[in-house]
Amino acid sequence: MIDLRLLREDPETVRASQRARGESEAAVDGLLHADAARRTAVGRFEALRAEQKQLSGRIPTARGDERAALLARAKELAASVKEAEAAVGAAEETLRAAQLAVPNVIEPGTPPGGEDDYVVLRTVGDPPEIESPRDHLELGEGLRAIDVERGAKVSGSRFYYLTGIGALLQLGMLQLAIQHALEAGFTPVIPPVLVKPESMEGTGFLGAHASEVYRLEADDLYLVGTSEVPLAAYHSGEILQLDEPRRYAGWSSCFRREAGSYGKDVRGIIRVHQFDKVEMFSYCRPEDAAAEHLRLLAWEEEMLAKVEVPYRVIDVAAGDLGSSAARKYDCEAWVPSQGRYREVTSTSNCTTFQARRLQIRYRDADGKPQIAATLNGTLATTRWLVSILENHQQPDGSVRVPKALQPYVGGQEFLEPARG
RNA sequence: GGAGGCUUCGCCUAGUCUGGUCUAUGGCGCCGCACUGCUAAUGCGGUUGGGGUUUUAAAGCCCCUCCCGGGUUCGAAUCCCGGAGCCUCCGCCA
């Protein structure tokens, strides 16, 4: 939810944000209108209610005719109050709907446009020279690390088993991410992956992303697509001490339906229904959010350096931000078999947008509660294995293990394909 | 799965049977002031949150908020119905 105060005082900023995203400016006017309508309704209700209270207060001491007259008037008033209250309820519902239609206001400097209008901020490392590279699935199968055939047999398409060295490699990578976060002062968290509708909705995943989300009908619970959800909802309704940003690193499985992505990335483990991820999540004061965002990006890049893969950083364009983010930086790792960069991390500054809905606040210098800012970013996910396997492959199908991961695979420097 | 109990302004707590004077009691904590040469102690005052209105701003005034949603009533923390969470016991499973 965007800040209605900002909207009233400076609607042009919000309109400009909508234009950059390629979204409707009419939604802004709709929201302005709904806001004004609600305030009118509230004013009417409160005036009637004040009169009613005042009248009711006089009844206990009134006697005889006066009492009867008061009762009669009060009774009339009660009906009007009820009506006015219902009008407020309706106006609030309209406002809520209008608010859902307006995504976060973009940060100044965000590239305008859609998916292809990103700006490359930097490219780090050189893609390795590999003659006719094997793709990660071929390598993974050779190492007996990835088994998509049995994944499909047991659970369907886009499911897989990580076995042997594959399982170790993923556990090692995630452990490395947690250690990395720990050194940076994060609190490691293993959160629930099933959440209530309000938690899912509060984080903004039941809007445009609703069809992406697995729902357990019998229990009215949702499987999270990222631990951002339980980490954001963790402090919902609370007032936090935020002199310093509060940082959590969540380790969880993530579940995505991938509806509408039929035929995309069907091979291997690039796009799957279930994967594991270590996610950074920060709560901070709004004025610290942009700086915190750059810190999250820096930690992501340090992790990518540890697994020794070439990557580039892009500044995601306004139209591709998602509703909660004011700005987003993705790191894309080089995938030799595809000859291009693919997203492996994503860090978003959600400013106060997410926290407003979840009622996450802090006390400012005057002791007044204010809405906090929230940010998130990826520290490692299953998809990284794609880039790790492919970039470090050798002509014979073996794979060199980045130094930082070697302790997690029994100290091996090279993973050798199984024979036969 | 069954039975019962609980949920009050940061924390603890009074109030609910018997609706209005609840504008919600007291303690702890916190903040300010006073006093004492420091500390401690003491005294006085303040301290839920959200919204509306007015304003350069503040103050003020008003409304909502006693787990949530309905209902009864002129009037609900209090009575009724539904729901959530927590706890205890029983059953079941291990």
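S132 sits in the loop between strand 1 (119-124) and helix 5 (136-142), where helices (H or I, at least four residues) and strands (E, at least two) are DSSP runs numbered from the N terminus. This is a predicted model, in which local features need pLDDT of at least 70 and side-chain atom pairs count only at pLDDT 80 or more, while totals for chains, interfaces and linings use all residues. Residues are numbered from 1 along each chain as its sequence is written, chains are lettered from A and ligands numbered from 1 in the order in which they are written, and side-chain values use heavy atoms, with hydrogens and water left out.

Returning to the loop, S132 has a positive phi, near 35°, although the residue is not a glycine. S132 counts as exposed because its relative accessibility is 65%; here exposed means over 50% relative accessible area, buried under 20%, and partly exposed in between, with a 1.4 Å probe and protein chains only. E308 also takes a positive phi, of about 55°, without being a glycine, and its place is the loop between helix 10 (289-306) and strand 11 (311-315). With a relative accessible area of 33%, E308 is classed as partly exposed.

Let me step back to the chain as a whole. Chain A is made up of 12 helices and 18 strands, and, taken along the principal axes, its C-alpha atoms fill a box of roughly 105 × 45 × 40 Å. Of its 420 residues, 50% count as buried.

Now to the RNA. Which residues come closest to RNA strand B? The closest are E46, R49, I59, K82 and R361, out of 21 residues that surround the strand, each with a heavy atom within 4 Å of it. On the RNA side, 70% of the atoms of strand B that come within 4 Å of the protein belong to sugar and phosphate.

Three elements, helix 3 (26-58), helix 4 (64-100) and strand 14 (361-363), each supply at least two residues of this surface, and helix 3 gives the most, with 10 residues. By class the surface has 9 nonpolar, 2 polar and 10 charged residues, taking Ala, Val, Leu, Ile, Met, Phe, Trp, Tyr, Cys and Pro as nonpolar, Asp, Glu, Lys and Arg as charged, and the others, Gly among them, as polar.

Some individual atom pairs can be picked out on this surface. Q52 places a polar side-chain atom 3.4 Å from a phosphate oxygen of RNA strand B, and R363 has a polar side-chain atom 3.3 Å from a phosphate oxygen of the strand. At S56 it is a polar backbone atom that takes part, lying 3.1 Å from a base nitrogen of RNA strand B.

R361 brings us to the second largest pocket, whose lining consists of M1, D3, L4, R5, R8, R356, Q359, R361, Q370 and I371. Two elements, helix 1 (4-9) and strand 15 (369-371), give two or more residues to that lining, and helix 1 gives the most, with 3. The lining divides into 3 nonpolar, 2 polar and 5 charged residues, and the pocket holds about 360 Å³ of space.

What sort of residues line the largest cavity, charged or nonpolar? Its lining has 6 nonpolar residues, 1 polar and no charged, namely A145, I146, L162, G166, L169, L385 and L389. Helix 7 (165-183) and helix 12 (384-391) each contribute two or more of them. The structure holds 1 cavity of 30 Å³ or more, and the space in the largest is about 30 Å³.

Helix 7 also contains L182, which counts as partly exposed at 42% relative accessibility. L182 and R247 are 65 residues apart in sequence, yet their C-alpha atoms are 9.9 Å apart in space.

Finally, two helix ends. Helix 6 (residues 148-155) is capped at its N-terminal end by D147, with a side-chain oxygen 3.2 Å from the backbone nitrogen of E149, and just after this helix G156 takes a positive phi of about 115°. Helix 2 (residues 11-21), whose buried residues include V14, R15 and Q18, is followed directly by G22, with a positive phi of about 75°.

Terms used. Polar contact = N/O pair within 3.5 Å; in protein donor to acceptor, adjacent residues only side chain to side chain. Contact = heavy atoms within 4.5 Å. 1 Å grid on protein atoms, 1.4 Å probe; cavity = no way out; pocket = protein on both sides within 12 Å on 5 of 7 lines; lining within 4 Å. Points joined across faces, edges and corners; volume = space filled by probe spheres on them.
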